[in-house]
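User: I would like to learn how to read a protein model step by step. Please look at the structure below with me.

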Amino acid sequence: MNKYIAEFIGTMILVFFGTGTAVVTGGFTGGLGLGYLGVVAIALAFGLTIVAGAYAIGHVSGCHVNPAVSIGVWLSGRMSAKDFAGYVVAQVIGAFAGTGLLSVVVNGSETLSGFDADGYGTLSAVGLSMSGAFVVETFLTFVFVLVILGVTASEKTSALAGLVIGATLTMVHLIGIPLTGTSVNPARALAPAVFTGGEALAQVWLFIVAPLVGGAIAAVFHRAWFAVKED
């Protein structure tokens, strides 16, 4: 159970700090964000949270805190189906706990609003289409999970895994936030969408499916071309 508890806590922290920073800064525009500076702040919040989580709970669960990462690790043969299911349940519950904590802050404020739900079309800062959003989320997750599988495959690089993974998550957020808000994490996408409701909830399927597809493709790609060399 320690692994599942670690994933619950890690995901809760990731969602609270990541989406909370987006709410406080006003996201892509408005609030204290000052345009793209808000994007940088949000990207760093997600990336630094992963760095902190990797060193806090990485030795217990690997600090997946993301079903797309877990599906990549599972399909690459590094975890059992039972653990995969347990991780996903813990991550989803943790995401709802993180958004629940954020709702306390938002509801207690006179100026804050929203929960940083992802979206396309009218919910995208640049009006990205549904098909464009699917491609973006799939590709960004593919890159993110491929880096994770690569950096954790060898003892030579695993010591730096937390920093590398955090930097990569920051990187994908820098381009992804204006496009979709950046999910690359079904649990992170689901909880804010449920709390937001409306169109955000209607669109959340994409931000669940696309990251899972991207994570699965990364696992297949890694096993086919990179796993033997690294072993």
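Analyst: The questions below go from the whole chain to single residues of this predicted model.

User: How many helices and how many strands are there in the protein chain?

Analyst: Read along the sequence, the pattern of the protein chain is α-α-α-α-α-α-α-α-α-α. Each symbol in this pattern is an α. The count for the protein chain is therefore 10 helices and zero strands.

User: What is the radius of gyration of the protein chain, and why does it count as compact as a globular protein of that length?

Analyst: The C-alpha trace spans about 55 × 35 × 30 Å along its principal axes. For 231 residues the globule rule gives 17 Å, and the value of the chain is close to this, so the chain is as compact as a globular protein of that length. The radius of gyration is 16 Å.

User: What share of the contacts with a separation of 6 or more comes from residues 24 or more positions apart?

Analyst: Two residues are in contact when heavy atoms lie within 4.5 Å. Among contacts in the protein chain with a separation of 6 or more, those between residues 24 or more positions apart account for 75%.

User: What part of the accessible surface belongs to carbon and sulfur atoms?

Analyst: Of the 231 residues, 51% count as buried. The accessible surface of the chain comes to about 10,200 Å². The part that belongs to carbon and sulfur atoms is 72%.

User: Which element of the protein chain has the lowest mean pLDDT?

Analyst: The chain averages a pLDDT of 92, and 94% of the residues score at least 70. Over residues 30-34, however, pLDDT stays under 50. Among the elements, helix α8 (residues 186-196) has the highest mean, 98. The lowest mean, 54, belongs to helix α10 (residues 227-230).

User: Is Leu44 buried, partly exposed or exposed?

Analyst: Leu44 lies in helix α2, which covers residues 36-61. Leaving aside neighbours within four places in sequence, Leu44 is in contact with Thr49 and Thr170. Its relative accessibility is 39%, and buried means under 20% while exposed means over 50%, so Leu44 counts as partly exposed.

User: How far apart in space are Leu44 and Gly10, C-alpha to C-alpha?

Analyst: In sequence, Leu44 and Gly10 are 34 residues apart. In space, their C-alpha to C-alpha distance is 16 Å.

User: Why does Asn185 count as buried, and what is its relative accessibility?

Analyst: Asn185 is found in the loop between α7 (161-179) and α8. Beyond four places in sequence, Asn185 is in contact with Leu14, Val65, Asn66, Pro67, Phe207 and Pro211. The cut-off for buried is under 20% relative accessible area. Asn185 counts as buried because its relative accessibility is 4%.

User: Where is Cys63, and what is its phi near?

Analyst: Cys63 has its place in the loop between α2 and α3 (67-75). With 12% relative accessibility, Cys63 counts as buried. Its phi is positive although the residue is other than glycine, and the value is near 55°.

User: What is the phi of Thr182 near?

Analyst: Thr182 lies in the loop between α7 and α8. Thr182 is buried, with a relative accessible area of 0%. Thr182 is a residue other than glycine with a positive phi, near 70°.

Terms used:
Residues numbered from 1 in each chain as written. Predicted model: local features only at pLDDT ≥ 70, side-chain atom pairs only at ≥ 80, totals over all residues. Heavy atoms only, no water. Helix = DSSP H or I, 4+ residues; strand = E, 2+ residues; numbered from the N terminus. Rg over C-alpha atoms; globule rule 2.2 N^0.38 Å. Buried < 20%, exposed > 50% of the residue type's maximum accessible area, 1.4 Å probe, protein only. Areas by Shrake-Rupley, 256 points an atom, 1.4 Å probe, with all protein chains shown as cover. pLDDT = per-residue confidence, 0-100.
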